[in-house]
Amino acid sequence: MRIRIITAVPTAEKKKRVCAYARVSTDSRRQEESLENQTATYERLIRSNPEYAFAGVYADQGISGYCENRPQFQKMLERARAGEIDLIITKSISRFARNTVTVLKVARELKELGVGIFFEEQKINTLSGDGEMMLAVLASFAQEESRSMSENNKWSIKKKFERGEVMITTSRFCGYDKNEYGDLVVNGKEAEIVRLSFDLYLMAVGSTRIASLLDYLGVPTVAGGTWEGGTIGGMIANEKYKGDFLLQKYYTPPDKRNFTRKNRGEVQSYYISENHEPIVSPEVWQQAQEMRDYRKKIRNIGQDGTRKFQNRYPLSGMLICPYCGKTLRRRQVYKKKIQWLCSTYIEHGKQACKGIRIDDAELAGLHVTGQTVVEEVLKDGKKHYRYTSKAEFDFTGESQPERPEDTDGSVLPGVNRPRRTVIKL
């Protein structure tokens, strides 16, 4: 018997596919340079390791770590899920994500796929035995640190307000620029637009008509878009155009992030008189406010702007267009006929929404208990209306507001059949 030994052929050890993730929170030039340096450093680090195969560097700029929808972050996760990455290197837990839930969720998902995350500062590898426990503890600290930094920033801003230091960007502020000291200075060309708007408003021309006129004249907005009635309304109400400055008009609620709410006395505000050169005189500005208050009064709109278009008539704010989901407004049309029309159609025309209209007489005697979608329905060759709760209505386009009749003259069945009506007859 002969025994022949077959020598094992050594196989080349497969390199680990490694990428890196970096993030900075702002778009400042300094942080942009920092991101570039991090990217170059990580690429050099990975390529210099003979056990690693470079799988890229993913970097997000100007995006908070609380946001999960970071483009590069999501792209990296997609490649990891596709089996193209074995290890992710990142500087720290806070750079990866600020939210403890997000950190643990992503770490656990990738761990099940065999993909590890290595946090350099904490020296944690999620594939190690105690990695997840350490990660949970440190992620909680990172989240609390972020909250503390946010509170410190709020405190710093409050102190600036108390000292009368204004904070404003003029990139979307018509009429003013900032000088080298950060003070507001009048932009002569844009100031003419502001003065024209105030003059027209005092001539009883409404905000929407002023916006349409500026578009018709080809007057550009500071943002490069079209003029809106709301933009003109905000301009008329803005105290900065008379040289004053109201600080803390909006605030961020304690339990919210990336969300602001109008300050109606919930937090301290500060008013600075004669802060900068006015574009309109205080007298003209005051006359415009009196005109606004008068219009609010005759239209039954709250003086603080609340419940606009909601309490002028019993059905105000309750009827909804089936095409765009906006409210219908009561308007006097040809021969003083009263109709309810889509607000998008009124403000932007049929190119924005073909809209729906219904005679006020058609709605007489109806009592709506919630927002209701109004649909046009053809029955026996005549136009009728169907009313559906907004919560029950399908805005995906599967349901068609105008429906033909079937062979026996009844409305064709569809997704509208099981809907609950909110009309009390």
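Buried here means under 20% relative accessible area. The model on screen is predicted.

**Stop 1: C321.** Select C321. Its relative accessible area is 0%, so the residue counts as buried. Now display the sulfur of C353, the closest cysteine sulfur to that of C321. The two sulfurs are 3.8 Å apart, which is too far for a bond, because a disulfide requires a pair within 2.5 Å.

**Stop 2: C342.** Move to C342, which takes part in no disulfide. Its nearest cysteine sulfur belongs to C324, at 3.5 Å. C342 is buried as well, with a relative accessible area of 1%. The disulfide count by the 2.5 Å rule is 0.

**Stop 3: K336.** Next come two backbone angles. Most residues other than glycine have a negative phi. Select K336: this residue is not a glycine, yet its phi is positive, near 60 degrees. To place K336, color strands β13 (328-332) and β14 (338-342); the residue sits in the loop between them. Is K336 buried or exposed? K336 is exposed, at 66% relative accessible area.

**Stop 4: D380.** Finish at D380, another residue that is not a glycine and has a positive phi, here about 55 degrees. Strands β17 (372-379) and β18 (382-389) flank the loop that holds D380. With a relative accessible area of 52%, D380 is exposed, since the cut-off for that class is over 50%.

Notes
Residues are numbered from 1 along each chain as its sequence is written. This is a predicted model: local features need pLDDT of at least 70, side-chain atom pairs count only at pLDDT 80 or more; totals for chains, interfaces and linings use all residues. Side-chain values use heavy atoms; hydrogens and water are left out. Buried means under 20% relative accessible area, exposed over 50%, partly exposed in between (1.4 Å probe, protein chains only). Helices (H or I, at least four residues) and strands (E, at least two) are DSSP runs, numbered from the N terminus.
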